[in-house]
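Here is a short tour of a protein chain, written to be read alongside the model itself. Please keep the viewer open as you go.

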Amino acid sequence: MRPRASSLLALLFLALASLPARAAMDPLCGMNVASDLTLTRDIDCTGLTGNVLTITANGVTIDGAGHRIIAPDAAVIVSASSRTNITIENLEVSGWCNGVGISIANSTGVTLQSILANGRTTGVYVENTAR
């Protein structure tokens with residue numbers, strides 16, 4: 001390798017090595033939720049482009065316990081479709097750009113309680129759904 005090319009590669013390597021490492025994505029990001037879930041910490045799903053949490057069973061409660069889910073790139077933070085008796089409570093959904101915080105469709109027996117939705121586009125979207 002020519003001296004100039006190897007010097008440029010060495011500089012590039014040093015520059016990349018000095019960048020801060022990105023923490024691994026939380027294992028809850030992209031999760032299908034089939035049973036009750038209580039958060040024990042804030043969840044950072046930066047970089048996830050799909051749904052953060054998808055409720056896949058009836059009778060599920062997601063309790064944020066006052067924590068927040070940060071997902072600026074996600075399509076939907078919490079999603080449920082065609083479910084019965086679900087509860088989402090005590091949760092902050094923040095940092096989405098062109099997505100939805102909570103999306104509930106074609107469901108019955110739905111309770112949304114103590115939800116703080118910060119960000120853009122739609123905070124909570126409910127369609128063909130009843131309490």
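What share of the residues in the chain is buried? Buried residues account for 35% of the 131 residues. Please bear in mind that you are looking at a predicted model.

## The chain as a whole

Let's begin with the overall make-up. The chain contains one helix and eleven strands. Read from the N terminus, the order of elements is α-β-β-β-β-β-β-β-β-β-β-β, so the helix comes before the strands by the numbering of elements from the N terminus.

Two further totals help to set the scene. The accessible surface of the chain is about 7400 Å², and carbon and sulfur atoms supply 54% of that area. Of the contacts between residues at least 6 apart in sequence, 55% link residues at least 24 apart.

## A parallel sheet of five strands

Now to the sheet. Five strands form an open sheet in the order S1-S4-S7-S9-S11, and their pairing is parallel. Its edge strands are S1 (31–33) and S11 (122–127), each of which pairs on one side only. From one strand to the next, the twist averages 15°. As background, the strands of a sheet pair through backbone hydrogen bonds, in either a parallel or an antiparallel manner.

Starting at the S1 edge, S1 pairs with strand S4 (residues 51–55) in the parallel sense, over three bridges. Here Val-33 has Ile-55 of S4 as its bridge partner.

## Strand S9 and its two partners

Which strand has six of its six residues buried? That is strand S9 (residues 100–105), which is mostly covered. S9 runs parallel to S7, and five bridges join the two; in this pairing, Ala-80 has Ile-104 of S9 as its bridge partner.

S9 also runs parallel to S11, again with five bridges between them. In S11, Glu-127 is the bridge partner of Ala-105.

## Two threonines in contact

Strands S8 and S10 offer a pair of threonines to look at. Thr-87 sits in strand S8 (residues 84–96), while Thr-111 belongs to strand S10. Is Thr-111 buried or exposed? Thr-111 counts as buried because its relative accessibility is 17%, which falls under the 20% cut-off. Thr-87 is likewise counted as buried, at 16% relative accessibility.

What does each one touch, once residues up to four places away in sequence are set aside? Thr-111 is in contact with Ile-86, Thr-87, Ile-88 and Arg-131. Thr-87 touches Val-60, Thr-61 and Ile-62, as well as Thr-111.

## A nonpolar patch on the surface

Next, turn to the outside of the model. Leu-112, Val-124 and Val-126 make up a nonpolar surface patch, and together they have about 210 Å² of accessible area. Leu-112 lies in strand S10 (residues 108–119). With a relative accessible area of 34%, Leu-112 is partly exposed; it can therefore be part of such a patch, since patches are made of residues with over 30% relative accessible area.

## A loop between S6 and S7

One last stop is a proline. Pro-72 is placed in the loop between strand S6 (68–70) and strand S7 (76–81). Its relative accessible area is 23%, so Pro-72 is partly exposed. Where does Pro-72 lie with respect to Thr-46? The two residues are 26 apart in sequence, and their C-alpha atoms are 5.9 Å apart in space.

Key. Residues numbered from 1 in each chain as written. Predicted model: local features only at pLDDT ≥ 70, side-chain atom pairs only at ≥ 80, totals over all residues. Heavy atoms only, no water. Pairing = 2+ DSSP bridges. Helix = DSSP H or I, 4+ residues; strand = E, 2+ residues; numbered from the N terminus. Axes fitted to C-alpha atoms, helices over the stretch in contact; angles between N-to-C directions. Patch = residues over 30% accessible without salt bridge, like charges linked within 9 Å, V, L, I, M, F, W, Y side chains within 5 Å. Areas by Shrake-Rupley, 256 points an atom, 1.4 Å probe, with all protein chains shown as cover. Salt bridge = Lys/Arg side-chain N within 4 Å of Asp/Glu carboxyl O. Buried < 20%, exposed > 50% of the residue type's maximum accessible area, 1.4 Å probe, protein only. Contact = heavy atoms within 4.5 Å.
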